[in-house]
Amino acid sequence: MSQGPRSGLTAVSSALLAMSRHLEVRDVLKTIVASARELLDAQYAALGVPDDHGGFAQFVVDGVSDAQWKAIGPLPRQHGILAAMLQEAKPERLADVRKDPRFEGWPSAHPDMSDFLGLPIRDGDEIIGALFLANKNCPKPEGSCGFTQEDEELLSILAQHAAIALTNASLYERSRELTIAEERSRLAHELHDAVSQKLFSLRLTAQAAAALVDRDPSRAKGELQQVAALAAEAADELRAAVVELRPAALDEDGLVATLRTQIQVLDRAHTARVTFESHGVRALPAAQEEAVLRVAQEALHNALRHSGAEHVDVTLDRRGAGALLRVTDDGSGFDPKAIRRAGRHLGLVSMRDRASGTGGRLTVESAPGKGTTIEMEVPGG
């Protein structure tokens, strides 16, 4: 992502402008780590946003390939040097991070790191992230750190502006979520009023037709025609409402970005770890995208509210011209046959209807104590 060292006011200005250009938190994080690695000429850079459970809500790296990052495994926990930066709120500049008494090792696929520079990102008194770099690209005499005091000061400036950019991006996302919620509430009220009026008219007209059937069949026929017309109007209004209720974020951001944002919100709101990965998915027709989103929401609701899961993993992969959604949890699971016999569906009927309505299919694998996997495959356009 980075392309070598740059120095001076122009480089710093470019980095700050790049950070302020983005409104999505994930994009801001990526820009921060890429800018830090380039400005300080480091081999590796990373930024972690802590959650409230000893882990990280988000963790972004630069200088590590996708294959290498995947091989490293789960996101790190808040321990060792990372925990120190988050708890003590002071910079850390080390000649060899591996020799620090707080160092607790790393996974086998993790790149080897020596000299280290890290510092917290603060919003007032709150620590909202930890930014660090490793392996300065320069000659290092034995026992010395490649990162200098000047590097630390430059990273401190970057971190201060990173805090502003992250706060702005978070506020933007929250504002958009509230706007969507308010719009949906408004539409729900309008839908309720419009349909209630139509149904009331239908009821009165049907009662009039019933009263006229024996004594005035021709008038009864006219009333029944009016019933049919009112029913058609109600159906049209319902269809229009469904179209309008299509999540605004889908139209603006597409399916992948919308799912990622919603899952990040759920991950912050619940004690369970909720993750999302997507690979090679192309834009789908509107009906397919909405169906996939609704099924994902229903499956996530079941996993987070009913299963007691500690981990819920959501993946969306390309499948031919279409897509394959998979929601897997490690919760209590259930017997799908017993659920059907008991007349309880956990939303499975609506999920299957959504899948079949778009020419797709839904499969459910679960057993008591074995967790649950729900897959939905939809065709492309």
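Leaving out neighbours within four places in sequence, Arg102 is in contact with Gly80, Ile81, Ala84, Glu88, Glu92 and Leu94. Arg102 itself sits in the loop between β3 and β4. Its relative accessibility is 27%, so Arg102 counts as partly exposed, a class that starts at 20%. Take Leu82 as a reference point. Arg102 and Leu82 are 20 residues apart in sequence, and their C-alpha atoms are 9.5 Å apart in space. The model is predicted, and everything below is read from that model.

Step back to the whole chain. The chain has 11 helices and 10 strands. Of its 381 residues, 43% are buried. Consider the contacts between residues at least 6 apart in sequence. Among these, 62% join residues at least 24 apart.

Two sheets organise the next part of the tour. One is an open sheet of 5 strands in the order β2-β1-β5-β4-β3, with antiparallel pairing. Its edge strands are β2 and β3, and each of them pairs on one side only. Direction ignored, neighbouring strands in this sheet are turned by 10° against each other on average. Strands of a sheet pair through backbone hydrogen bonds, either parallel or antiparallel.

Now walk across that sheet from β3. Strand β3 covers residues 92–94. It is joined by 3 bridges to β4, residues 116–123, and the two run antiparallel. Here Arg93 stands opposite Leu117 of β4. The next step is from β4 to β5. These two strands pair over 8 bridges, again in the antiparallel sense. Leu117 stands opposite Leu133 in β5. The β4 and β5 strands form a hairpin with 2 residues between them. In the turn, Gly124 has a positive phi of about 70°.

On to β1. Strands β1 and β5 pair over 6 bridges in the antiparallel sense. Ala45 stands opposite Leu133 of β5. Leu133 therefore appears in both pairings, opposite Leu117 on the β4 side and opposite Ala45 on the β1 side. How enclosed is β5? Of its 11 residues, 10 are buried, so β5 is largely enclosed by the rest of the structure. One helix to inspect here is α2. It lies across β1, β2, β4 and β5, and runs at about 40° to β2.

Backbone angles come next. Most residues other than glycine have a negative phi, and most peptide bonds are trans. Which residues go against the phi trend? Ala89 is one of them, with a positive phi of about 55° although it is not a glycine. Ala89 is placed in the loop between α4 (80–88) and β3. With a relative accessible area of 25%, Ala89 is partly exposed. Asn135 also has a positive phi, near 60°, and is a residue other than glycine. Asn135 lies in strand β5. Its relative accessible area is 9%, so Asn135 is buried, the cut-off being under 20%.

The other sheet is also open and has 5 strands, in the order β6-β7-β8-β10-β9, with mixed pairing. Strands β6 and β9 stand at its edges with a single partner each, so one side of each has no neighbour in the sheet. Neighbouring strands here are turned by 10° against each other on average, direction ignored. Look at β7 and β8 (residues 322–329). They pair in the antiparallel sense over 8 bridges. Thr315 has Arg326 of β8 as its bridge partner. Helix α11, residues 348–357, lies across β9 and β10 and runs at about 145° to β9.

Last comes the largest pocket. It holds about 1,600 Å³ of space. Its lining has 42 residues. Which of them lie nearest the centre? They are Arg26, Trp69, Leu75, Phe276 and Glu277. By class, the lining has 16 nonpolar, 13 polar and 13 charged residues. Several elements supply at least two lining residues each: α2 (25–40), β2 (56–62), α3 (66–72), α8 (255–269), β6 (273–279) and β7 (311–319). Some of these have been met already. Helix α2 lies across β2, and β2 is an edge strand of the antiparallel sheet. Strand β6 stands at an edge of the mixed sheet.

Key:
Residues numbered from 1 in each chain as written. Predicted model: local features only at pLDDT ≥ 70, side-chain atom pairs only at ≥ 80, totals over all residues. Heavy atoms only, no water. 1 Å grid on protein atoms, 1.4 Å probe; cavity = no way out; pocket = protein on both sides within 12 Å on 5 of 7 lines; lining within 4 Å. Points joined across faces, edges and corners; volume = space filled by probe spheres on them. Helix = DSSP H or I, 4+ residues; strand = E, 2+ residues; numbered from the N terminus. Nonpolar A, V, L, I, M, F, W, Y, C, P; charged D, E, K, R; others polar. Pairing = 2+ DSSP bridges. Axes fitted to C-alpha atoms, helices over the stretch in contact; angles between N-to-C directions. Contact = heavy atoms within 4.5 Å. Buried < 20%, exposed > 50% of the residue type's maximum accessible area, 1.4 Å probe, protein only.
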